[in-house]
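Reader: Please take a close look at one part of this model. I would like the surroundings of a bound ligand, described contact by contact.

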Amino acid sequence: MSALLDVENLSIRFPIKRGWGKTSWLYAVDDVSFQVNRGETLSIVGESGSGKTTAALGVARLVPNSGGKVDLAGEDFLALEAEDLRKARAKVQVIFQDPYSSLNPRLRAEAIVREPMDSIGTLPVAERAGRVAELFEQVGLRPEQMKLFPHQFSGGQRQRIGIARALATNPELIICDEAVSALDVAVQAQILNLLRRLQRDLGLTYLFISHDLGVVQHMSDHIAVMYMGKIVEYADRLSLFNDPRHPYTKALLSAVPSVDQSRNVDRLLIPGDPPDPLNPPEGCRFASRCPFVEDACRVDQPQLNAVTDQHKVACIKA
Amino acid sequence: EEPVRGGTLIHTLYDTPRHLNPAVQSGIATGAPGAQLFAAPLRYDENWTPQPYLAKSWEWSNNGLTMTLKLVEGATFHDGAPITSEDVAFSIKTVQENHPFKTMFAPVTSVDTPDPLTAVINLSQPHPALLLAMSSHLLPIIPKHVYGDGQDIKTHPQNSENVVGSGPFKLVEFNRDQNIVLERYDDFFMEGRPYLDRVVYRIIKDASARTISLENGEVHMSTFELTTRNIQRMKKNPNLTVTADGYAAVGALEWLAFNTGSEGPVSDKRVRQAIAYAIDKNFILKALYQGLATEAKTGIHPGSPFYDDSVNAYEIDLDKANALLDEAGYAKGADGTRFDLTIDYGSVAAKPQAEFIKASLSKVGIKVSVNSFVDFPTWAQKISNYNFDMTMDSVFNWGDPVIGVHRTYDSNNIKKGVIWSNTQQYSNPRVDELLNEAGKEIDPEKRKALYAEFQEIVAEDIPNYFLNTSPYHTVYNSKVGNPPLGIWASGSPYDRVYLKE
Amino acid sequence: MTEPLLKIENLRIELALRSGQAPVIDDLSLELNAGETLSFVGESGCGKSMTALAIMGLLPEKVGSIASGRILFDGRDMAQMNDTELRAIRGNEISMIFQEPMTSLNPVYTVGEQIAEVLRRHKGMNKRDAWARAIELLDAVRIPNAKSRVSAYPHQMSGGQRQRVMIAIALACEPKILIADEPTTALDVTVQAQIFDLLRDLGRDTGTAVILITHDMGAVAEMADRMVVMYAGRKAEYGPVSPVINHPRHPYTKGLISCVPHLLAELTEERPDLTEVPGIVPALASFGTDACLFASRCDLADDKCRSQRPPEVAFGDQHSACWKADQI
Amino acid sequence: MTLLKRLIYAAILLTAVLVLNFSMMHFAPGDVADTIAASMGGADAETMAQIRVEYGLDQPFFVQLFAYIGRVLSFDLGYSYFYNTPVTELIFERLPATLLLAITAQVLAVVVGVLLGVFSARHPNGIANYFVTIFALFGYAAPVFWTGILLLIGFSLKIPLFPVAGMSDVTVQGGFFVKALDIAHHMVLPVLTLSSIFLALYSRLSRAAMLEVLGSDYIRTAKAKGLSNREVTLKHALKNALPPVVTLAGLQFSAVISGAVLVESVFSWPGLGQLALTSILARDTPTILGILFFSALVVIIGNLVTDLVMRLIDPRVRGHA
Amino acid sequence: MTQIDDTPAKARSPFSEAFEMFRRNHAAVIGLVILLTIIIIALIGPMLYPGDPFDMVWVPLSPPGEEGYLFGTDYLGRDMLSLLIHGAKVSLTVGVSAAFVTVIIGITVGALAGFYRGWVEEALMRLTEFFQVLPTLLFSMVIVSLFGASLPMITLAIGLVSWPAVARITRAEFMRIRELEYVTAARAGGVKNNKLIFSVILPNALPPIIVQAALMVGSAILFEAGLSFLGLTDPNVASWGQIIGSNREYILDASFAVTVPGVAIFITVMAISLVGDGLNDALNPKLRQR
Ligand SMILES: Nc1ncnc2c1ncn2[C@@H]1O[C@H](COP(=O)(O)OP(=O)(O)OP(=O)(O)O)[C@@H](O)[C@H]1O
Ligand SMILES: Nc1ncnc2c1ncn2[C@@H]1O[C@H](COP(=O)(O)OP(=O)(O)OP(=O)(O)O)[C@@H](O)[C@H]1O
Ligand SMILES: [Mg+2]
Ligand SMILES: [Mg+2]
Ligand code: NI
């Protein structure tokens, strides 16, 4: 399988003002590399603030200050400028978390879905209306709903509009940033099924972000676990869930309560909160919370090393 | 009634004086406290008769070219130094050099001081105005040893604090925009005077506030009141006495001035006359001023002995106005308009008149727009540089015509950039001649005749359309005894004023 | 059997809407025994929080009110109590923690003050003792360095720590009942595990009964003894956790469990589609309708479901309000 | 921000104020010489030129500007040629009166406004609420000078309870207390007038802020603790509702000074506003520049004070210092 | 039967919803009616009640009602009613145009500062702060006295000192909205910056700006009245403030000449602020259910 998206050494930092002219840099994403194959789903999981959103939006060039290389379908996305970038945006689209703030309240549903087409100009003007109708059908909305305004939809329906908008430019990669986190479970199931159906039908590639490991397990082909801007473990679905190597991943998995009573994992409780991202610790960033920590952990940052073909871990003890 | 000693007189002042030295600052605001702080050689009674003050006698030489003053003995400045003829000479020189009313002492060539109590004023030509110019706040006697210290007298620090005066009261404090507190000078040369312990001037700029404070007894006296409605109102108050007496020498006139030297229509005498005929002066007198102002027909105040009542008053006559305008070649246009003019004013008090004139002139086809200049300098600059058609103005006679009248009509006084010079650019050789003659004529009757002819001509040439006297009034509480009703109103010394009880 | 600690009988809570009064909670009865954990689950808007607030006597003023029913605590009907009586119970015998640790603490007071305040109010402690006790409590909720953190302001703490402070406040007076309204929704799973751990330990130590409101079936399974499944203001199913989860007797419960992708012990390559519960919750205004409110989203629904409100059927300890309960 | 940074910043801001005002006065038609000439009752072209040289007006603009800024840096705001007094002296003479009026009015408005706001927020359907709304509307909509005039007619003329004008009565003799009482007596009407606008503003805002705070999660927490209504309102809600009020109060300093100008004019209050009006009417450039400078300074100091107050009441602001 | 009505039949825009909310607010509707009445009077009043307001028609300062002059006459014997009607136009014009100037400058500065980060924001905010520390009334008094008391200059002066408030609000809204996901979505959809500013963010940022602009009309009217009161006014037109200012010295005798225009200002500003409050409530998404 060929990689549609090849991210190499992506780093994204934010300037944080402190006092008189002092600016420190917050490395929200720190030297991260991963690939996503065409037609597959890569999930990124991790604690709040670990840089999932930033990494994903960085790929789509929706946050400034990105360094590294983002190769999307053979084109270096980070090197594009102005018009080229605008045109190339057709290839990556985003579905957002909040069904309320992700739709412009002043536009009708059809206008929202149509906006990317108008801006990027992917289709001849005459065909756009037809395409909007088609998209509505694809995501399971009724045609008469095209004229409504966002606040007249329920959360699930709004998320469908968001999906239709993401599909409008026939993108190759869709970033789903917590696309179902804000929905009720019943509606969440509808949306997850819809996303999977669309992937099957349209051959879409997803960069899927979620903190719900059940959802991730259900949706992904590969999973990257992030901790404080770093990928600490990267594996295919089966190896990650069946054989987590990084202590953080282990803790994460064991923390999830489940109705499946046969899943009798020993809970690995990790104490405390992640350290201040503005001055991360030397060495392994998980060291401060790791139950297995050794002195060596605090010296060097562990590199992401392959333990098997499909499984990489950044832990000296893996 | 027998005056009683003691008490504090609360007096209002409508504005804060720049400072308190009338030798280098004209105006009522400085003049009122100035006349208390500084004594003058002479003072006038209400009949325009000069009275001794610092000078116990004064004498003209036969040719009218010298005047000898004999000073009273024992008079001292507030710092205790005796008042000598040196000080008189210094004061005359200071005023001559610094006071805006240049004509007051213009003919003075020198002042001799043969002894400490004798001053001899030498003139280049007879100068009948000299006596008035030596009265009250026009010639304050200031101490040479204080103000002659080499500093620029106009910005002398002791103009507003630590004032060393010669008058009946000395300065206690001067709080700008609040009050000026004066206190009896115990060593004042007039035995037993002043009666009052203190005079407090409260600075209240708002006329209504002044009225209320008079009505509820917060203040005892106010002078130079000119809001007619309030005056009428206070007249009805049994505790208050309201009078127009006391302003004869001040001689405030309100007029509409024309830029006779302009390119525009008002350079034509007929147009100016037409404008005068179109304005109903009666409305101004009766309605605006509630009958409290007197009609003014000439450049000399009706209260002055030189006033000539017989000149043309331009009673309203729209037909005549229209005829004159037609004759001048300004026919009515299709919209009924003949031409456009502007009318300026630099003092808010003139607003009603300006607006009234605008309305009046529209009836004869002259379209007027009004320019308000809230800041005086802008107005002054505009007028004195002749950038105007017409302007409202209010000008004081200051006693003798030589001081306050000549300046407006003498063609030698067309001084660009100088306000209250002949800004109308009016020039008539005969007028120049008459004024010159009258300025040095000692015989009052002959002088009167000269001024009569002058008034005749000016009324005909109409560089200004004279409207009325300013309706200045003095209002005082019935507790006040001997209010200042001479010719200078609050610009006269208050040594005789007292409070009953 | 001993008397239950809290007994709710036929509780009906009405909300004043623009369109009139509507019942957010309709004919709710349940019991809570000392020391047990009872869980409320259900979709958003089904009235879980309203029930909790009703127990606390904190229904939104002028909007929500108890229309009928009783809330018996220690034999006394809280629905009839006046404000003063309720205040004596609140924070003392029954306390509550909320979903949003970020906004539930007063930003302008130190956490110590916020803990000490309850102690002063209910236990009549003086300032010094209350402060000392606050430090102990912070320590008990496993906040490291309690002595120095006690004078920290909320914004200086992380979400997990704030929720611990909330727990410390709630447990300060050793209440008989602790109501936890979605206490971990805003937190990361690792932190959630810490909090659950803490709640369980503290509950065990103090014998406090817990009402846990959550939408996470996994959490219910791990934390609760018994559970109430709510739908549109009504009790859909009620009973001990394990039978309800393993053999739901209400189609809604069933849907709720099977539409969520759970972490599985045995992973397969195969991933079947999730069960979908079509449609959405009915509008608040139609909560009072005499029908099964789930009927419009239910495969099994027939005319009876759509026209008559189902009664409660018991299967041992398990109760279900469904006409077709026995067919499931 | 550190205090030092704020001070440096304030200095830059003030310099900008100076530059703008100076340029404005410079490029406006007419200049100092005209005014001086007018105040002397006229002067000829020669004298005018001489005055211009004397005041440095013949210099190029930038030379004048830098000279002016240089003088201001050494606390010399120039010399008022209308009053013949150093401008700083003039301003310091008036500043206390204006500050007394403005600060009293501001404090009164904030305190009473907050009380009204809190009261009406606690009784959202009561009469108090109505009262606050109507009161707020009145205070906001009535021109301040008009309110002043009405009060003057009402309580100085019709019912003569208060003096008409000025700040003190010189005839009042006595110790500090008597004098203070006299000033207080004179202050009643002007302060009422000036605070009426702001009272309205603050009562509205604090009402809105209270309503918002009362609906917040931590108030629910406070209630869940079993605290009494009074404790909830006064301890937990009020302190959180204050920041927006304080912020607004900080932003209002410039408006308070504006209001003071009008009020001073109505009540003949011997403050900066009166001085400003006089100097504008007299085109007393140094004084005008000085007043603008000082007003900006007062506003900046006001903002600083606001920040300090914010630090006191809101630990979040304190936190990031 | 349970009716599940999940989609309203009619597409209703946020604005039509807002209008609905507004209509339910009685105070605001009353305010609007008053305001419209005043506007209509200002527009067609001069036709219905003809005559030059500057004509002197009767004895000066005759009390209201006398000789059929409803509000009496002023110090020149001009019909107060006529002056008031013409004054309405002047005052409203000043109010609206000053608000316009304010809003234009305010939105431009606020939008740019709120949208861009870095030095643009920095510079514009400094500019805003700069104008904020200028004492508003004093500064505009100086402008008017220096550059002439004409209506346009007065309007400009008011606008010049009032815009920072609008700029701050606009900036705050822009900063809030630019972080919302639909803006990111629009960026992902390739929307250009100027379109983002003007057709994506601005319309959503408008509600508080509209409210502020409405209130601004009121404060500009008050501001102009204040300037007029101090005598900084164009004598060729009669704004309400000017009527007060020039009748000020007659208050003791003819207080109606001050009270009547004062009441006119009061009612107008009050109506505007009622409408502003109504708009605020109607446009505030917090008060509308989602
Ligand atoms: N615009 C920004 N400016 C400054 N810091 C930012 C910005 N956006 C994100 N960050 C910081 O970058 C880090 C990573 O944030 P990010 O939103 O990518 O995390 P996340 O993993 O998506 O978290 P969550 O699960 O809460 O969505 C966090 O510390 C966050 O505070
Ligand atoms: N203050 C209020 N005014 C009007 N309606 C309200 C109010 N609070 C809650 N509601 C409505 O009452 C119903 C029940 O709300 P409740 O908060 O109990 O739901 P919930 O089950 O706790 O939901 P969630 O899981 O979202 O917290 C909802 O439809 C909600 O919209
Ligand atoms: Mg995120
Ligand atoms: Mg809830
Ligand atoms: Ni700081």
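**The shell around ligand 2**

Author: In this predicted model, helix H1 of chain C, residues 48–56, contributes the most to the shell around ligand 2, giving three residues. The whole shell counts 14 residues. The closest are C:Ser44, C:Gly45, C:Lys48, C:Ser49 and C:Met50.

By class, the shell is mixed. Seven of its residues are nonpolar, four are polar and three are charged.

Now the polar contacts. Oxygen atoms of the ligand meet both side-chain and backbone partners. C:Ser44 uses its side chain: an N or O atom there lies 2.5 Å from an oxygen atom of ligand 2. C:Met50 uses its backbone instead, with a polar atom 2.8 Å from a ligand oxygen. C:Cys46 also offers a polar backbone atom, at 3.3 Å from an oxygen atom of ligand 2. C:Ser44 and C:Met50 are also listed among the closest residues of the shell.

Next, coverage. On its own, ligand 2 has 630 Å² of accessible area, and the protein covers 66% of that.

To put the site together: start from C:Ser44, whose side chain sits 2.5 Å from a ligand oxygen. Go on to the backbone of C:Cys46, at 3.3 Å. Finish at the backbone of C:Met50, at 2.8 Å. Around these contacts stands a shell of 14 residues, to which helix H1 of chain C gives the most.

Key:
Residues numbered from 1 in each chain as written. Chains lettered and ligands numbered in written order. Predicted model: local features only at pLDDT ≥ 70, side-chain atom pairs only at ≥ 80, totals over all residues. Heavy atoms only, no water. Near = heavy atom within 4 Å. Polar contact = N/O pair within 3.5 Å; in protein donor to acceptor, adjacent residues only side chain to side chain. Areas by Shrake-Rupley, 256 points an atom, 1.4 Å probe, with all protein chains shown as cover. Helix = DSSP H or I, 4+ residues; strand = E, 2+ residues; numbered from the N terminus. Nonpolar A, V, L, I, M, F, W, Y, C, P; charged D, E, K, R; others polar.
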